Structures are given as structure tokens and as C-alpha cells.
Amino acid sequence: YASIVRCAVRGRIGQDEGPKAARHKILTAVLDNSGSMLRHWPLVADAVSKVFTDELIADPFVSLKAIAYNTNAEEVYLPETSTGLDSLLRRRYRPGGRTNFKSAYELAEILIRAEVGRLTRSGVPRDAIDVTTLIFTDGEDTSAPPHGYVTKASTEKARAAGDDFRLFLKDLGCPSFISLAAFGEGHNPEQCQYLSDRYYYINRSEVLSKWLKGGLEDLLLGAGYCSLRVKLPGRLVLAEPLPKSVGLDLNGNIEYEIWLRDELSCAPPSNIADSDKVIVEADSNGTIALRGSALLAS
């Protein structure tokens, strides 16, 4: 860690102190029930039943959708209460078949577009609708020939489908975020990072519980999402890529850490001039909502 420099980003989007308009949440769970998820399916079913609580089901500001996908994707029609959801997933959606991300993304787009349309027709502005997609998977597509195997073609197919889904979310005009829960020690971290704004490796039930109580709660209670842009001086580069979306807390605050390094070496950034500074912009639905800078020498 001595070879990188940490920059803390803190700010608030929407400084007015007036009453806050209620935000609508569209939460879509995209569940990989291909054959490779058989061992993890009980944990997935238990997790979804804990996410889709009776409180959320009854909340008029929350829209819940679920998709189970393998070779093909289908909508999971949710019961009126969360009690029977676990058994429904275990009984009716037992894993089998290949992993086809394209089918999942295409159905998710249809469901999300319909729900956003319903809300906007009732007078809800798009910038007051938070679209959150939760993907549960082992992270490997096996839908391209030869079917059933992880190949370069299947990986590229999944990424292309993920790119199309992101473009859809961008054009939708609503703050959006994609969170991915990866199961199994054989999952592909690079693929999971590519397909999400934030991914979590779920290797045991305790980790899943922590994710459900922490990060997921922040997504549901937050004031939306924004994207970050960073302008760096000289040879400085980001030590790790920025996520495409960053969540805001209930009051519109953002807290995020950016790591920097020297482009040409593994050493800490050197020869920093007094005037060198990092500029950060936070974009909310195509508009720069926050801009700040800091001198590196300070």
C-alpha cells in the first residue's frame, strides 16, 4: 500500500433543506438457476426471501421484480407475502441448464422499462426513481457454442449483453446501480467486476447476511446514485477503475475513496508541484451536480 495514494471524496448532492420528495425504488433480483448453481441454490433462495420482506412487498414506493434464468429467462411471480418465496424458488426453479446472461438482461430490461413507464405515467419524475439490479450468479456464461462450456465466445457474449443493459439504464434517465453476488470459489472475479458496479464474493451464509444487512440496506434507503469523473495532473493515474455508479446516503451524501499511483512506476507519486490538484465531478442523470478539487501537496 506504500505505492499508492488515497484521496477521500466527500460531498452532498442537493443542498436544499426543504422537505425531500419520496423516492421510488425498483429492485430487480436476477437469479442464475443454471446447473452450476445447484449447490448454492438453497443459499440464494434463502437470501431472496430475506430481501423481499413483507415490509418491502407492502411498501407503495418499492417495486419488486424477480427473474430466474438459465438457458432461458422467466419472471418469478412473487407471492403476496415473503413466507412462501423460499419454498417457491426451491420447488419450481430448481437449477438446471446453461447460463445465459443475455436472456436475463433482455427480460430485466422489459420488466424495468414497464415499471418505469407505469410510474412516470402516474406523475413520478424519472430522476426520483432509483433502479437497482441485484444479480446472483457464479459469474460464468456457458450459452455460446460449444454449449455448456466457458469459452471466449460465451464471455464476450455476456459482456456484450451487459453493455447493452447498461446503455438501456443510461438512456432510461433514472439513477441506477448494479450489484452482483458471486457464489462459488470458481467464479470469475474479472467478469463479475465488469458486469456490475459492485460485486461481493459470497463464500458462506455469514457473508451473505452481512451484505444483506449492510450494502443492500444502503441501496434501498439511499437518495439515489451518481457517477464520478476524475481529472488528474501529470503522470498520475487511477490505481483501480471507478465504478460506473456510486450510491448516496439518505441525505444525498457521497463518501468514496480514490486510489492513485504513478503511471510509469510502482513508487508513490513523486515530483508533485504545489499547484497540482485532483478535480472530482459527480454526475447525476447527465448533469454535473457536484464539483470539487484538492491540492496534492496539501
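**Two open sheets and a pair of packed helices**

In the first sheet, A29 sits opposite A66 in β3. The model is a predicted one, in which local features need pLDDT of at least 70 and side-chain atom pairs count only at pLDDT 80 or more, while totals for chains, interfaces and linings use all residues. Residues are numbered from 1 along each chain as its sequence is written, and side-chain values use heavy atoms, with hydrogens and water left out.

A quick tally sets the scene: the chain has eight helices and 13 strands. Helices (H or I, at least four residues) and strands (E, at least two) are DSSP runs, numbered from the N terminus. Of the 298 residues in the chain, 45% are buried; that word stands for under 20% relative accessible area, with exposed meaning over 50% and partly exposed in between (1.4 Å probe, protein chains only). Take the contacts between residues at least 6 apart in sequence, and 71% of them join residues at least 24 apart. A contact here is a case of heavy atoms within 4.5 Å.

Back to the sheet with A29. Six strands make up this open sheet, in the order β4-β3-β2-β5-β6-β7, and the pairing is mixed. Two strands pair if DSSP finds at least two bridges between them. The edges belong to β4 (73-75) and β7 (198-202), each with a single partner strand, so one side of each has no neighbour in the sheet. From one strand to the next, the twist averages 20 degrees. As a bit of background, strands of a sheet pair through backbone hydrogen bonds, either parallel or antiparallel.

What does β2 pair with, and in which sense? With β3, β2 pairs in the parallel sense over eight bridges. With β5, β2 is also joined by eight bridges, and these two strands run parallel; here L31 stands opposite F136 in β5. Strand β3 (residues 62-69) pairs with β4 too, this time in the antiparallel sense over three bridges, and I67 is found opposite E75 in β4.

β2 is also mostly covered, with nine of its nine residues buried. H24, I26, T28, V30 and D32 point one way, K25, L27, A29 and L31 point the other way, and all are buried. That fits a general pattern: in a regular strand the side chains alternate between the two faces of the sheet.

Farther along the sheet, A182 lies in strand β6 (residues 176-183). A182 counts as buried because its relative accessibility is 0%. Leaving out residues up to four places away in sequence, A182 touches T137, H187, C192, Y199, Y200, Y201 and I202. One of these, C192, is itself buried, with a relative accessible area of 1%. A182 and G139 are 43 residues apart in sequence, yet their C-alpha atoms are 6.3 Å apart in space.

Now for the helices. α4 and helix α5 (residues 152-172) pack at an angle of about 10 degrees, with their axes 9 Å apart. Axes are lines fitted to C-alpha atoms, for helices over the stretch in contact, and angles run from 0 to 180 degrees between N-to-C directions. α4 and α5 are therefore roughly parallel to each other; angles under 35 degrees get that label, those over 145 count as roughly antiparallel, 65 to 115 as roughly perpendicular and the rest as oblique. On the α4 side the contact includes F101, Y105 and I112, and on the α5 side it includes A161, F165 and L172.

The loops have their own details. T99 is in the loop between α3 (85-92) and α4, and is buried with a relative accessible area of 2%. Among the residues that T99 touches, not counting those up to four places away in sequence, are D32, Y69, N70 and E140. The loop between β5 and α5 holds P146, and the peptide bond from P145 to P146 is cis, with omega near -5 degrees.

A second open sheet has four strands in the order β10-β8-β12-β13, with antiparallel pairing. At its edges stand β10 (246-247) and β13 (287-295), each with a single partner strand, so one side of each lacks a neighbour in the sheet. Strand β12 (residues 277-284) runs antiparallel to β13, joined by eight bridges, and D283 stands opposite I288 in β13.
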